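I open this notebook to keep track of what I look up in the structure, one entry at a time. I want to begin with charged pairs and then turn to the places where parts meet.

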There are 2 protein chains.
Amino acid sequence: MALDNHWFSEADKGLALSLRIREKLHEEQTPFQKIEIYETETFGTLMVIDGFVMLTDRDNFIYHEMMSHPVLYAHADPKNVVIIGGGDCGTLREVLKHPEVKQATQVDIDERVTRLSEKYFPELCESNDDPRARLLFDDGIRFVKDAEPGSVDVIIIDSTDPIGPAEGLFSTAFYRDCFRALGPGGMLAQQSESPLLHTDSIIRPMHDSLRTAGFLDVLALNFPQCTYPSGWWSATLACKDNTVSFRREQQAEEKPFETLYYNAAIHRAAGACPEFFRRKLYG
Amino acid sequence: MALDNHWFSEADKGLALSLRIREKLHEEQTPFQKIEIYETETFGTLMVIDGFVMLTDRDNFIYHEMMSHPVLYAHADPKNVVIIGGGDCGTLREVLKHPEVKQATQVDIDERVTRLSEKYFPELCESNDDPRARLLFDDGIRFVKDAEPGSVDVIIIDSTDPIGPAEGLFSTAFYRDCFRALGPGGMLAQQSESPLLHTDSIIRPMHDSLRTAGFLDVLALNFPQCTYPSGWWSATLACKDNTVSFRREQQAEEKPFETLYYNAAIHRAAGACPEFFRRKLYG
């Protein structure tokens, strides 16, 4: 069957995912990228950037929870958190669920992503007025380069794919700046695409670059992400000077907030490596 | 963008997955269903039954390994295994990797699935001549009903979706027959669709039906399955008279065969329940 213009489709390398559309709600070209907002038939509101699905109402909870809670419960005492990208504010919301966090700075280059998220995904922005939240619209690479050495506990890189504006966020030079900005025990988490599709092209090179930049330990976490290519996604965690272990496991078991995907058992499980993946990353 | 006729698309409930096609290799209507075989651009050979993706070369390893190894390593001593459905022979191949298995009987109602798999997915059929393999083309429901009580150690239900010919394989009456056919410690594994899409409509009712049929413990396992709807799939395990625990963990750690997805860490991880899923199934 052919899919007609009632579907939004993201197609790459012979694989496509499509969501049936009720209505296009918005479209604009910002100085950085093209943003589209749709109302889908069964996945709620959809944000698309440069033709790629960024998030839907229905399944963004998995991604946002897995980008924030594992790294925060792996760190011994995450007080100062920096989010690079993440303009939809969903990761920021999850980070601010942690009472230990004293400041969370979101640095997205494109203010329009946040303004559109406030309008079309208001639940993701519900913590934007938290006094601990700081929203900057600036170049994340420069922000990290200029950060005071040792001043940050956790850096979360919640970016688009490593093409276009986000390409520099996957480079050894950027990781070196992150390494310097992080304090003792400092940790980084970065979205790292699909284990099925991108292990050779993105995940393995990311591990190598993080180690080259000085990070002592690197760990891939797996989770489903239904509206991203292959439906299977990963976050890569790295620790500056220690192992990427589940340091605050007991606190995660007793977390003082609600989640839909994350819990301590899922945290432990996400680091399990499928055989092919283990051989390519650690074999 | 619209996807043209160079794509095979499976669309349901506002979500579609598409694979770009090089060529249609075969199409036939059997007495039971319509089978199509395609050569895709990036996922190898594709088998479609009644419009639904059954398997591709590229990602079937995850499904077949997760349908077989967890239940076999959960059972204390799996000698006699019955596979209901599974006509592509991929699950049979995985089951026969276990030296403990003395007999594996595959009962698929449609012989044409197996004959086409022998031609188009020969690697999945490489164990069909194993002296422990028995291939029957018959009604799986009747086979289980007629099985000698207590004669089977493990039943694997590797069926199509619970509509059409496979509907009866998701019923309490069928599970009662499975319960009777299983011996002490006997276990069942069944493919149980997507946690994101089918928890309310299929997975939770399956748990209830298995318990109603007498099974003492039921556990859902999660895994990615990129070419099934949502890219996230599950297998449900049930034990007749004991817990669904990882009984032969040490043997799984030292498994005497190669896999691409399964290992002992993945086995432990697959049972971790996302919060929303845990609440709906066990909450």
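Entry 1, charged pairs. I note at the start that this is a predicted model, and I began by looking up the salt bridges, of which the rule counts 50 over all chains. I remind myself that side chains of opposite charge can pair when their charged atoms come close. As an example within one chain I picked A:K24 and A:E36, whose side chains meet in a salt bridge with 3.3 Å from N to O. I then checked where these two residues sit, and found A:K24 in strand β2 of chain A and A:E36 in strand β3 of chain A, 12 residues apart, so that the pair links distant parts of the chain.

Entry 2, the domains of chain A. I looked up how chain A is divided, and the assignment gives domain 1 as residues 2-56 and domain 2 as residues 60-282. For the contact between them I wrote down 22 residues from domain 1 of chain A and 21 residues from domain 2 of chain A. The centres of the two domains, taken over C-alpha atoms, are separated by 24 Å. Together domain 1 and domain 2 of chain A bury about 2,000 Å², with 70% of that area on carbon and sulfur atoms.

Entry 3, what crosses the domain interface. How many salt bridges does the rule find across the interface of domain 1 and domain 2 of chain A? I found 1 salt bridge there. I also looked at A:R112 and A:E28, whose side chains meet in a salt bridge at 2.9 Å, N to O. For polar contacts across this domain interface, the rule gives 5 residue pairs. On the side of domain 1 of chain A that touches domain 2 of chain A, at least two residues each come from β2 (15-29), β3 (34-40), β4 (45-49) and β5 (52-56) of chain A. The largest share of that side, 6 residues, is supplied by β2(A). Sorted by class, the residues of this side of domain 1 of chain A are 15 nonpolar, 5 polar and 2 charged.

Entry 4, how the two chains are related. I next asked what turn lays chain B on chain A. The answer is a turn of 180 degrees with a shift of 0.0 Å along the axis, and the RMSD is 0.0 Å. That is the relation of a two-fold axis. I also noted that 100% of the interface residues of chain B are interface residues in chain A as well, so the copies meet through the same surface.

Entry 5, the interface of the chains. I recorded that 47 residues of chain B are in contact with 47 residues of chain A, and that the two chains bury about 3,700 Å² between them, 62% of it on carbon and sulfur atoms. Across this interface the rule finds 2 salt bridges. I looked up the pair B:E258 and A:R279, whose side chains meet in a salt bridge at 3.5 Å, N to O. The polar contacts across the interface of chain B and chain A come to 21 residue pairs. Among the elements that give two or more residues to the side of chain B that touches chain A, I listed β1 (7-12), α1 (60-74) and α9 (275-282) of chain B. The most, 6 residues, comes from β2(B). By class, that side of chain B has 27 nonpolar, 9 polar and 11 charged residues.

Notes: Residues numbered from 1 in each chain as written. Chains lettered and ligands numbered in written order. Predicted model: local features only at pLDDT ≥ 70, side-chain atom pairs only at ≥ 80, totals over all residues. Heavy atoms only, no water. Domains from an automatic or database assignment. Contact = heavy atoms within 4.5 Å. Buried area = accessible area lost by both parts, 1.4 Å probe. Salt bridge = Lys/Arg side-chain N within 4 Å of Asp/Glu carboxyl O. Polar contact = N/O pair within 3.5 Å; in protein donor to acceptor, adjacent residues only side chain to side chain. Helix = DSSP H or I, 4+ residues; strand = E, 2+ residues; numbered from the N terminus. Nonpolar A, V, L, I, M, F, W, Y, C, P; charged D, E, K, R; others polar. Least-squares fit on C-alpha atoms with pLDDT ≥ 70 in both.
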